[in-house]
Amino acid sequence: MLHTLGKGSVQASSVQLYCSACRTCYHHNFYVSNERCIYYTDIPSVLQVSTHHFIEVQLIELWINSMLFAW
């Protein structure tokens, strides 16, 4: 599931790639090499928050601002 600010929750597909030469598994916002999880330096516009759930950064920022103003 992809949770978006403008369209709500929509169905999405996720793909992970594996390189057998360097034994690296590439995911949406990180890769695993030599049993180490390494995140990319740039923040993508969509974050993976669990195995099957992705959330737009705009929606996360709205939640953060709502919690701060409500506090």
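## Exercises on a predicted chain

The secondary structure of the protein chain comes to one helix and eight strands, where helices (H or I, at least four residues) and strands (E, at least two) are DSSP runs numbered from the N terminus. This is a predicted model, in which local features need pLDDT of at least 70 and side-chain atom pairs count only at pLDDT 80 or more, while totals for chains, interfaces and linings use all residues. Residues are numbered from 1 along each chain as its sequence is written, and side-chain values use heavy atoms, with hydrogens and water left out.

### Exercise 1: the overall form

Task: Determine in what pattern the elements follow one another along the sequence, and how the radius of gyration of the protein chain compares with the globule rule.

Solution. Step one is to read along the sequence, which gives the pattern β-β-β-β-β-β-β-β-α. Step two is to take the radius of gyration over C-alpha atoms and set it against the globule rule, 2.2 Å times the number of residues to the power 0.38. The radius is 15 Å, well over the 11 Å that the rule gives for 71 residues, so the protein chain is more spread out than a compact globule. Step three adds the box filled by the C-alpha atoms, roughly 50 × 25 × 15 Å along the principal axes. Finally, 17% of the 71 residues count as buried, a term that means under 20% relative accessible area, with exposed being over 50% and partly exposed in between (1.4 Å probe, protein chains only).

### Exercise 2: the sheet and the helix

Task: Work out which strands are the edge strands of the four-stranded open sheet, and which of its strands helix H1 touches.

Solution. Begin with the strand order, which is E2-E1-E8-E7 with mixed pairing; two strands pair if DSSP finds at least two bridges between them. The edge strands are therefore E2 (8–10) and E7 (46–50), each of which pairs on one side only. Neighbouring strands of this sheet are turned by 25 degrees against each other on average, direction ignored. Within the sheet, strand E1 (residues 2–4) and strand E8 (residues 53–56) pair in the parallel sense over two bridges, and Leu 2 stands opposite Phe 54 in E8. Helix H1 (residues 57–70) packs on the sheet, touching E1, E7 and E8, and its direction makes about 75 degrees with that of E8. Here contact means heavy atoms within 4.5 Å, and axes are lines fitted to C-alpha atoms, for helices over the stretch in contact, with angles running from 0 to 180 degrees between N-to-C directions.

### Exercise 3: aromatic rings and Asn 29

Task: Explain why the pair of Tyr 26 and Tyr 31 is classed as it is, and state which residues Asn 29 touches.

Solution. The search of the whole structure finds three aromatic pairs. Rings of Phe, Tyr and Trp (its six-membered ring) pair if their centres lie within 6.5 Å, and planes under 30 degrees apart count as stacked, over 60 as edge-to-face and the rest as tilted. The rings of Tyr 26 and Tyr 31 have centres 5.8 Å apart and planes at 35 degrees, so this pair is tilted. Phe 30 and Tyr 39 form a tilted pair as well, at 5.5 Å centre to centre and 50 degrees between the planes; Phe 30 counts as buried at 16% relative accessibility, whereas Tyr 39 counts as exposed at 55%. Tyr 26, Tyr 31 and Tyr 40 form one aromatic cluster.

Asn 29 lies in the loop between strand E4 (24–26) and strand E5 (30–33), and counts as buried at 10% relative accessibility. Not counting residues up to four places away in sequence, Asn 29 touches Tyr 39, Tyr 40, Pro 44, Leu 47 and Gln 48.
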